[in-house]
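Dear colleague,

I am handing over the structure that we spoke about, so that you can look at it yourself before reading my notes. Please open it first, and then follow the notes below with the model in view.

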Amino acid sequence: MADILDYGKLGMGTWFLGEPSGNRTEETAALRYGLERGIRIIDTAEMYGSGRSERLVGEAVRPFARDKLFLVSKVLPSNANRRNMEHSLDASLKALQTDYLDLYLYHWRGGTPLEETVEMLENMAAKGKIRTWGVSNFDLEDMEELLALEHGANCRTNQVLYHLGSRGIEVALKPFQDAHGIPIMAYCPLAQAGTLRDGLTEHPAVRRLAAELCISVYQVLLCFTLAQSNTVSIPRTGKTAHMKEIADCLDIRLNAEQLALLDDAFPKPPYRVPLDVE
Ligand SMILES: NC(=O)c1ccc[n+]([C@@H]2O[C@H](COP(=O)([O-])OP(=O)(O)OC[C@H]3O[C@@H](n4cnc5c(N)ncnc54)[C@H](OP(=O)(O)O)[C@@H]3O)[C@@H](O)[C@H]2O)c1
């Protein structure tokens with residue numbers, strides 16, 4: 001069973017893509033450009049534009065061999081139960097024009113007993129509709145509870161917010177996942193173009209590295225999460241020029257000195273903090 005990290009450390013996010021207000025042609029071109037540059041993981045969700053993002057992804061990947069791709073989608077908490085999950089998954093498969101997902105995520109924890117959600121995820125895997133499953137926005141206690149359940153250890157990732165300006169997961173959650181061999185999927189690795197943390201892209205350390213390496217401040221942010229072990233980063237863009245910057249990061253390795261500069265500017269918190277979601 002292929003794991004997400006077998007498909008690389010960089011994927012493409014798709015939140016807000018496929019919206020009527022966006023430029024569908026440009027967004028499709030950006031995703032295809034990313035695939036041509038060797039990015040094979042695409043992250044979407046039934047929630048994103050109520051299926052519009054999944055439909056755009058389905059269209060964008062059509063010219064590419066399915067077995068070279070790693071398609072990820074997510075089920076809403078209200079559908080992560082016996083009654084609705086298979087129906088939701090079938091709709092995602094149809095929108096994505098595929099007969100299986102490589103990874104299906106429980107988007108965030110809702111009211112359904114965790115046992116029931118895991119039972120359904122296992123059921124979907126047994127039917128061949130998903131290859132693997134995982135969770136999203138689970139904090140340490142949620143992961144501990146999950147791993148204590150029958151089949152809970154089949155969880156293949158926890159997708160959480162992680163960027164240079166939000167490093168709380170490094171205190172306890174990431175070490176726990178590292179110890180259990182469960183990769184982090186880092187969402188918002190660009191801190192939503194810097195808007196999630198005041199002063200992030202203006203910080204002298206970030207600007208200095210960008211100037212030194214002749215890259216953008218957004219590339220500095222992405223290079224930071226790409227440098228982390230056991231972590232897949234899923235930045236999103238609807239623009240080919242920005243996707244070029246994202247793909248170029250595959251060839252940039254921050255050295256120890258450069259990472260230390262960022263670490264000094266934005267250290268991880270000295271104690272555990274609740275999981276950030278924005
Ligand atoms: N599991 C969850 O609960 C959850 C929550 C949030 C996100 N996610 C996933 O994670 C993905 C990434 O997170 P995100 O989309 O919120 O934020 P993000 O990737 O941190 O940032 C996206 C923003 O950065 C801009 N951008 C991208 N490349 C750029 C570049 N080279 N230069 C300047 N600006 C650039 C994009 O605008 P342009 O389009 O103009 O380039 C967009 O405004 C999502 O798309 C989604 O797949 C999951």
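The secondary structure of this protein comes to 10 helices and 8 strands, and please keep in mind throughout that the model is a predicted one. Along its principal axes, the C-alpha trace spans about 55 × 45 × 30 Å. A compact globule of 278 residues would have a radius of gyration near 19 Å, and because the protein has 18 Å, the value agrees with that expectation. Of the 278 residues, 56% are buried, while the protein exposes about 12000 Å², with carbon and sulfur atoms supplying 50% of that area. If you take the contacts with a separation of 6 or more, residues 24 or more positions apart account for 80% of them.

Next come the charges. The protein has 30 positive and 38 negative side chains, and the centres of these two sets lie 5 Å apart. Side chains of opposite charge can pair when their charged atoms come close, and a search of the whole structure finds 21 salt bridges. Three pairs and one network may be useful for you to look up.

The first pair to find is Arg37 with Asp248, whose side chains meet in a salt bridge at 2.8 Å, N to O. This pair links distant parts of the chain, since Arg37 sits in the loop between α1 (24-36) and β2 (41-43), whereas Asp248 belongs to helix α9, 211 residues apart. Arg37 is partly exposed, with a relative accessible area of 29%, and Asp248, at 21% relative accessibility, also counts as partly exposed, because buried would require a value under 20%.

Another salt bridge joins the side chains of Asp43 and Lys74, again at 2.8 Å, N to O. Asp43 lies in strand β2 and Lys74 in strand β3 (residues 70-75), so this pair ties together parts that are 31 residues apart in sequence. Both Asp43 and Lys74 are buried.

In Lys174 and Asp178 you will find a salt bridge of 3.0 Å, N to O, within a single element: both residues lie in helix α6 (residues 173-179), 4 residues apart, which is about one turn of the helix. Lys174 counts as buried at 8% relative accessibility, whereas Asp178, at 32%, counts as partly exposed. Finally, Glu86, Asp90, Lys127 and Lys129 are linked in a network of salt bridges.

Which residues have a positive phi although they are not glycines? Ser50 is one of them, with a phi of about 50°, and Asn230 is another, with a phi of about 55°. Ser50 is found in the loop between β2 and α2 (52-61), and at 61% relative accessibility Ser50 counts as exposed. Asn230 is found in the loop between α8 (217-226) and β8 (231-233), and at 18% relative accessibility Asn230 counts as buried.

One last residue to look at is His242, which has its place in helix α9 (residues 240-248) and counts as partly exposed at 41% relative accessibility. The C-alpha atoms of His242 and Pro269, which are 27 residues apart along the chain, are separated by 30 Å.

With best wishes

Technical notes
Residues numbered from 1 in each chain as written. Predicted model: local features only at pLDDT ≥ 70, side-chain atom pairs only at ≥ 80, totals over all residues. Heavy atoms only, no water. Helix = DSSP H or I, 4+ residues; strand = E, 2+ residues; numbered from the N terminus. Rg over C-alpha atoms; globule rule 2.2 N^0.38 Å. Buried < 20%, exposed > 50% of the residue type's maximum accessible area, 1.4 Å probe, protein only. Contact = heavy atoms within 4.5 Å. Areas by Shrake-Rupley, 256 points an atom, 1.4 Å probe, with all protein chains shown as cover. Lys, Arg positive; Asp, Glu negative; His and termini not counted. Charge placed at Lys NZ, Arg CZ, Asp CG, Glu CD. Salt bridge = Lys/Arg side-chain N within 4 Å of Asp/Glu carboxyl O.
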